[in-house]
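Visitor: I should like to understand how the terms used for a protein model are justified. May we go through them one at a time?

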Amino acid sequence: MSSVVSLAEISRAARPLNWLDSIIKGDCVAALNALPDNSVDVVFADPPYNLQLGGTLHRPDQSLVDAVDDDWDQFASFEAYDAFTRAWLLACRRVLKPTGTLWVIGSYHNIFRVGAILQDLHFWVLNDIIWRKTNPMPNFKGRRFQNAHETLIWATPNAKAKGYTFNYEAMKAANDDVQMRSDWLFPICSGSERLKGDDGKKVHPTQKPEALLARILMASTKPGDVVLDPFFGSGTTGAVAKRLGRHFVGIEREQDYIDAAAERIAAVEPLGKATLSVMTGKKAEPRVAFNTLIESGLIKPGTVLTDAKRRYSAIVRADGTLASGGEAGSIHRLGAKVQGLDACNGWTFWHFEDGSVLKPIDELRSVIRNDLAKLN
């Protein structure tokens, strides 16, 4: 169950863990400044859109549209909104790990300003994602196109950031073995998923669908990662994170939203460990040098390796190189040399004798990787 903590309970000097899986009540920048440096794997931010609504809006039948007119979405000017955006982005970058990433969602009212400030602060944009809504709100005045999408920006803290999580293989497999595209189709939050109060009205006007957050977390986090939402609202990020075996921390200043989010998250049942395993490809596996096979005793110096058709052979040397016909080099370079090619994957080209069967040395690398996985 998630807890609710105040800023007074969080001490940066002590750097406690009591902020994990909790909702911090308070201003987002002040709360972010109370969190430890480099402590968060992913930020998902759904900031105020600064909609600049002018007057009430009615449907053709004259019923009132429940638009976003809350105080938290009101700013005196674009300059005030930009200053607010710059402050929370800087605070988020401090708490992000060097390998962390940030997601921010917005509409045409604010996302271009947010994107420009991101780049001014030297964040590095990885993608912009279009969330196309299957059931968008109509344009009741008929004076412009129906606004049927929102934009997400996915970025790293700087251009040199490496090692961030992108579960490419899992996203591709989930998309019928075709690369996942940057246009996503989801309905807006409705039906039983939409939180409503005793009066039947929406608890939060911009509650995001859980399917959208699930896609984001499955794409850019691993089980056990820490996900921060500085504009927590009704707690969609926390609910999805808990179900998917991730830690969360939410920041929210409105008590009504906090109460609704805490109740919602408490009712979530996490998925089992086997269900949460993430499909990965070769690139995501730990690097294993050929010399590691020698050091571990899986291959001994003097062993003769051949290709699958026994056309070429090479001797394993103690330093982890191979020798053949007066030539020597790495498993990749010598494999290319004997074939007269520019490049070669030595792991799949060179084979060892296992009884009467030839097997690629890549199978021995898999033994090392399995041993490493058991240690994690």
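Guide: Let us begin with pairing: two strands are said to pair if DSSP finds at least two bridges between them. This is a predicted model.

Visitor: What makes strand 4 and strand 6 (residues 149–156) a pair?

Guide: Five bridges join strand 4 to strand 6, and the two run antiparallel. The definition asks for at least two bridges, so the term "pair" applies. One of the bridge partnerships links Gly 106 with Thr 151 of strand 6.

Visitor: How do you know that strand 3 (residues 40–45) pairs with strand 4, and in which sense?

Guide: These strands are connected by five bridges, in the parallel sense. At least two are required, so this also counts as pairing. Here Val 40 has Leu 96 of strand 4 as its bridge partner.

Visitor: Why is strand 4 (residues 96–106) described as largely enclosed?

Guide: Eight of its 11 residues are buried, so the rest of the structure largely encloses strand 4.

Visitor: Why is Lys 208 called buried?

Guide: Its relative accessible area is 5%. Buried means under 20%, so Lys 208 meets the definition. Lys 208 is found in the loop between strand 7 (183–186) and helix 5 (210–220).

Visitor: What makes the approach of Lys 208 to Asp 46 a polar contact?

Guide: The contact joins their side chains at 2.8 Å. The limit is within 3.5 Å, so the distance satisfies it. The side chains of Lys 208 and Tyr 49 are likewise joined by a polar contact, of 3.4 Å.

Visitor: Is Asn 139 buried, exposed or partly exposed, and why?

Guide: Asn 139 has a relative accessible area of 29%. Buried requires under 20% and exposed over 50%, so Asn 139 is called partly exposed. Asn 139 lies in the loop between strand 5 (124–133) and strand 6, and touches Arg 144, Phe 145 and Gln 146, not counting residues up to four places away in sequence.

Visitor: Which residues have the most contacts inside the largest nonpolar core?

Guide: They are Trp 88, Leu 102 and Leu 228, in a core of 34 residues. Helix 2 gives the most to this core, with seven residues. A second, separate core has 31 residues, including Phe 186 and Leu 213.

Visitor: What does Leu 228 touch?

Guide: Leaving aside residues up to four places away in sequence, Leu 228 touches several residues, among them Val 40, Phe 44 and Ile 251.

Key. Residues are numbered from 1 along each chain as its sequence is written. This is a predicted model: local features need pLDDT of at least 70, side-chain atom pairs count only at pLDDT 80 or more; totals for chains, interfaces and linings use all residues. Side-chain values use heavy atoms; hydrogens and water are left out. Buried means under 20% relative accessible area, exposed over 50%, partly exposed in between (1.4 Å probe, protein chains only). Helices (H or I, at least four residues) and strands (E, at least two) are DSSP runs, numbered from the N terminus. A nonpolar core is a set of buried Ala, Val, Leu, Ile, Met, Phe, Trp, Tyr and Cys residues joined through side-chain atoms within 4.5 Å. Contact means heavy atoms within 4.5 Å. A polar contact is a pair of N or O atoms within 3.5 Å; within protein, one must be able to donate a hydrogen and the other to accept it, and residues adjacent in sequence count only if both atoms are side-chain atoms.
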